[in-house]
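Reader: I am in my first year and should like a close look at a single part of this protein, namely its salt bridges and what surrounds them. Please explain each term as it arises.

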Amino acid sequence: GNTWTPTIVGSIMALCAYPLYQWLAHVLDARGLALASAIAVTAYFVTLLIILTRQLGQGMGPLLRLGRVMIKMAAAAAASVWLCGQLALSLTEWSALGRGALIGVCSVMITIAAAHLMRVEEVRHLVRRVTRRLRA
């Protein structure tokens with residue numbers, strides 16, 4: 001397979017991301033490093049996806065569809081983060097393990113529910129399969 005393309009793109013992205021890491025780490029400390037990593041990995045993914053789409057000659061249709069799904073899933077995850085953050089505020093007396101377990105389960109369920117409501121077909125398919133399995 002073609003291993004040169006991801007290697008070259010990744011090397012270029014690492015060089016370009018270095019100033020971003022420095023700046024965000026200076027401004028936001030550890031959170032800045034996390035944000036810089038998320039930005040760099042997303043840029044790497046999108047760049048490789050565009051290159052692959054062009055090589056396969058399928059046009060921009062699949063790329064646009066993926067973009068719509070990613071935006072919907074980001075919105076679902078954001079809703080989950082906010083709601084679970086509110087829940088966490090009321091669980092201060094719980095043990096760390098209990099808090100983490102409850103918030104983790106709630107986060108997954110809220111994300112799935114929100115994505116289902118936003119008609120993310122992959123999530124809707126998953127929900128149908130699980131529902132069918134539970135009824136059997």
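Author: The account below begins with the whole chain, turns to the salt bridges, and then moves outward to their surroundings.

This is a predicted model, in which local features need pLDDT of at least 70 and side-chain atom pairs count only at pLDDT 80 or more, while totals for chains, interfaces and linings use all residues. Residues are numbered from 1 along each chain as its sequence is written, and side-chain values use heavy atoms, with hydrogens and water left out.

The protein contains 5 helices and 0 strands, where helices (H or I, at least four residues) and strands (E, at least two) are DSSP runs numbered from the N terminus. Read from that end, the order of elements is α-α-α-α-α. The radius of gyration is 19 Å, well over the 14 Å that the globule rule gives for 136 residues, so the protein is more spread out than a compact globule. That radius is taken over C-alpha atoms, and the globule rule is 2.2 Å times the number of residues to the power 0.38. The C-alpha trace spans about 50 × 45 × 25 Å along its principal axes.

We now come to the part you asked about. A salt bridge is a side-chain nitrogen of Lys or Arg within 4 Å of a carboxyl oxygen of Asp or Glu. By this rule the protein has 2 salt bridges. One of them joins the side chains of glutamate 122 and arginine 65, at 3.0 Å from N to O. Glutamate 122 belongs to helix α5 (residues 121–135) and arginine 65 to helix α3, so this pair ties together parts that are 57 residues apart in sequence. In the other, the side chains of arginine 128 and glutamate 121 meet at 2.8 Å, again N to O.

How far are these four residues covered by the rest of the protein? The terms rest on relative accessible area: buried means under 20%, exposed over 50%, and partly exposed in between (1.4 Å probe, protein chains only). Glutamate 122, at 42%, counts as partly exposed, as does arginine 65, at 38%. Arginine 128 is also partly exposed, with 41%, and glutamate 121 falls into this class with 39%. Histidine 125 is another residue of helix α5, and its 38% makes it partly exposed as well. Its C-alpha atom is separated by 31 Å from that of alanine 40, a residue 85 positions away along the chain.

Beside these charged pairs one may set the nonpolar residues. A nonpolar core is a set of buried Ala, Val, Leu, Ile, Met, Phe, Trp, Tyr and Cys residues joined through side-chain atoms within 4.5 Å. The largest such core has 6 residues: Val69, Ala76, Ala114, Ala115, Val120 and Val123. Helices α3 (61–89) and α4 (96–117) each give two or more residues to this core. In soluble globular proteins, nonpolar side chains tend to be buried together. Over the whole chain, 15% of the 136 residues count as buried.

Just before α5 comes arginine 119, placed in the loop between α4 and α5. Its phi is near 60°, a positive value in a residue other than glycine. Most residues other than glycine have a negative phi. Arginine 119 is exposed, with a relative accessible area of 59%. Aspartate 29, in the loop between α1 and α2, likewise has a positive phi, near 60°, and is exposed at 56%.

One more loop residue gives a sense of distance. Serine 95 lies in the loop between α3 and α4 and is partly exposed at 47%. From serine 95 to threonine 131 the C-alpha distance is 32 Å, with their positions 36 residues apart in sequence.

In summary, the 2 salt bridges are made by partly exposed residues, glutamate 122 and arginine 65 in one, arginine 128 and glutamate 121 in the other, and the first of these pairs links helix α5 to helix α3.
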